[in-house]
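Here are a few exercises to work through with the sequence and the model side by side. Try each task before reading its solution.

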Amino acid sequence: MKSSIRISKLSFAVILVLCFASLGLFVSYWFARQAELRDLSKQESVLRGELEQLSAIGKWTIDYVKINKALAYLSKNRLTEEQREMLTEQIWQISRSYATDPLLILAVVAQESHGNPNARGRMQSGAYSGALGLMQIKLETAKKMGARFGLSIETEEDLLKPEINVTVGTAYLIRLISKYGNWKDALIAYNLGHSAVDRMLESGRPLPTRYYEHVISKYRNLTSIEFLDVNVP
């Protein structure tokens with residue numbers, strides 16, 4: 001027996017309307033979910049940025065404390081508290097600006113002057129070398145570097161001021177790092193002079209590494225000292 005089901009035009013129209021309504025609801029829901037997911041992604045990005053910022057602030061705080069303690073350790077009370085605070089701020093700012101480990105800068109201080117702000121360099125013959133202060137900078141070099149950022153240095157007494165000496169010495173070291181692209185050659189040039197290092201590099205002669213190794217040894221010593229293992233709650 002043959003049967004057929006007939007759907008009236010009205011029923012068909014109702015079904016069609018329901019289908020379009022369902023499709024519309026689905027599309028609306030899909031777009032709403034996409035908007036929610038975009039908002040969640042933005043919130044996650046903002047949160048990640050805030051966490052990274054907090055992490056960076058925590059590291060900077062630890063670095064600040066380490067610099068201050070290392071300066072106290074190296075200077076053996078030859079710096080006043082005011083001088084130490086000023087130097088801490090300077091080295092901290094420089095290390096942030098140039099993404100440099102501040103203890104490497106202090107390792108140079110340890111090698112050059114053993115933390116003595118009044119140190120005067122001597123050559124092997126015993127004659128005065130002209131190098132002065134914490135980072136053992138010569139007056140001629142200090143004048144050239146100081147002129148680059150408006151710092152007036154006229155006499156050796158100016159260069160024996162710790163805050164001036166470290167500012168100029170660190171600026172010179174950062175300039176050498178920029179010139180050679182690495183700490184090793186920069187430190188050797190800091191010790192021998194960049195002209196001497198340039199001549200050696202041009203002629204293919206190996207650079208003497210003794211000074212570099214001494215600085216790295218001082219750096220490892222500073223990083224291994226227990227009181228520099230700072231935990232910030």
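**Exercise 1. Which residues lie nearest the centre of the largest pocket, and which element gives the largest share of its lining?**

Step 1. Ala131, Gln136, Lys138, Tyr190 and Asn191 lie nearest the centre, out of 30 lining residues. On a 1 Å grid over the protein atoms alone, a pocket is an open set of points where a 1.4 Å probe fits, with protein on both sides within 12 Å along at least five of seven lines; lining residues have an atom within 4 Å of a point.

Step 2. Helix H4 (139-148) is among the elements that each supply at least two lining residues, and H4 gives the largest share, 5 residues. Helices and strands are DSSP runs numbered from the N terminus (helices H or I, at least four residues; strands E, at least two).

Step 3. By type, the lining divides into 10 nonpolar, 11 polar and 9 charged residues. Here Ala, Val, Leu, Ile, Met, Phe, Trp, Tyr, Cys and Pro count as nonpolar, Asp, Glu, Lys and Arg as charged, and the others, Gly among them, as polar.

A note on the source: this is a predicted model, where local features need pLDDT of at least 70 and side-chain atom pairs count only at pLDDT 80 or more, while totals for chains, interfaces and linings use all residues. Residues are numbered from 1 along each chain as its sequence is written, and side-chain values use heavy atoms, with hydrogens and water left out.

**Exercise 2. What does the side chain of Arg84 contact?**

Step 1. Find Arg84 in helix H2 (residues 81-97).

Step 2. Arg84 is buried (under 20% relative accessible area, 1.4 Å probe, protein chains only; exposed is over 50%, partly exposed in between). Arg84 has no salt bridge (a side-chain nitrogen of Lys or Arg within 4 Å of a carboxyl oxygen of Asp or Glu). The nearest side chain of opposite charge, Glu85, is 4.9 Å away.

Step 3. Now look at Asn68: its side chain joins that of Arg84 in a polar contact of 3.3 Å. Such a contact is a pair of N or O atoms within 3.5 Å; within protein, one must be able to donate a hydrogen and the other to accept it, and residues adjacent in sequence count only if both atoms are side-chain atoms.

**Exercise 3. Which parts does the salt bridge of Arg120 and Glu156 tie together?**

Step 1. The closest N and O atoms of Arg120 and Glu156 are 3.1 Å apart.

Step 2. Arg120 lies in strand S1 and Glu156 in helix H5 (residues 156-159), so the pair ties together parts 36 residues apart in sequence.

Step 3. Arg120 is partly exposed, at 37% relative accessible area, and Glu156 is partly exposed at 28%.

Step 4. Add Glu157: a network of salt bridges links Arg120, Glu156 and Glu157.

Definitions and conventions. Lys, Arg positive; Asp, Glu negative; His and termini not counted.
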